Amino acid sequence: VYTPADVTERVRAYTSLTSVGTDLGLNSAAYRMVAKAFSGDQRPSTVYIGVKSTTETYAQGVQAVLAASNEWYILAIDSKSATNISAVAEIIQATRKMFFASTADAAVINPTSTTDVGYTLSNSNYDRTVLVYHPDAVTAHPECAWLGSQIVEVPGSNTWAFKKGAGLATSSLSETAVQALKAKNVNYFISIAGASVFLDGVTSQGEWIDSMIFVDWMYARIQEQVFYRIINKKKIPMTQAGATIIGAEIRSVIS
């Protein structure tokens, strides 16, 4: 979600970084975020940029984007504000989408802090929000580099832990800081044995990111299969035979 001077088009699809720069400017946060999403060896074929007006809150902007388009799955916003992140996380929790955010707030790596955004999201048990700590989060947008390289994978074929992030500097974290992040289910980007990788691949609730995405993928595929059968059959009776027909479509996805 991006904030332009005014809103004339709520959501627009982009397939190239050049087009984003032409429309929104090379210095815009949206451009930097897409650049990170496109920076890896693998990248999404299309990104959707949603906009909010200067008079709207991020929550209002996201609600408007949701109403305008359902073509996207993972959301990232250009704000690193704890208030905005929490507000958007609450909205996305009620959908079948995912929200990736990042923060540079040092309180997140403080084990005694119980008011920072990491603690708040974890305490709210949000399993559709993923938070990344990075000291340069405001300009580096680490969540975009991470999601851009992994969202292209077939759901169920990958995990999100131990994945690289192109163009990102690693965080130098003490063991105390790492344990604080783990306790709050906040992800981070560090160097291990010379490799720069994201850990731990979890949502704010502590569920694995890949598990959540796989569940959503199965839900969508089952809907598609059942709908296909309904519209291509004259009648599905309210009998055991009809239940068998529907059951076969469901099994075709989960088997």
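This report describes salt bridges in a predicted model.

## Overview

The structure contains 8 salt bridges. Among them are three pairs treated below, Arg 10 with Glu 56, Lys 80 with Glu 143, and Asp 216 with Arg 128. A network of salt bridges is also described.

## Arg 10 and Glu 56

A salt bridge joins Arg 10 to Glu 56, and their closest N and O atoms are 3.0 Å apart. Arg 10 sits in the segment before strand S1 (11-14), while Glu 56 belongs to the loop between strand S2 (47-50) and helix H3 (58-68), so this pair ties together parts that are 46 residues apart in sequence.

Glu 56 has a relative accessible area of 18%. Buried means under 20%, so a residue with this value counts as buried.

## Lys 80 and Glu 143

Lys 80 and Glu 143 form a salt bridge through their side chains, with an N to O distance of 2.8 Å. Lys 80 is in the loop between strand S3 (74-75) and helix H4 (82-92), and Glu 143 is in helix H7 (residues 142-150), so the pair ties together parts that are 63 residues apart in sequence. Both Lys 80 and Glu 143 are buried.

## Asp 216 and Arg 128

The side chains of Asp 216 and Arg 128 also meet in a salt bridge, at 2.7 Å from N to O. This pair links distant parts of the chain, 88 residues apart: Asp 216 is in helix H9 (residues 209-231), and Arg 128 is in the loop between helix H5 (117-123) and strand S5 (129-133). Asp 216 and Arg 128 are both buried.

## A network

Salt bridges link Glu 9, Arg 12 and Asp 23 in a network.

Conventions
Residues numbered from 1 in each chain as written. Predicted model: local features only at pLDDT ≥ 70, side-chain atom pairs only at ≥ 80, totals over all residues. Heavy atoms only, no water. Salt bridge = Lys/Arg side-chain N within 4 Å of Asp/Glu carboxyl O. Helix = DSSP H or I, 4+ residues; strand = E, 2+ residues; numbered from the N terminus. Buried < 20%, exposed > 50% of the residue type's maximum accessible area, 1.4 Å probe, protein only.
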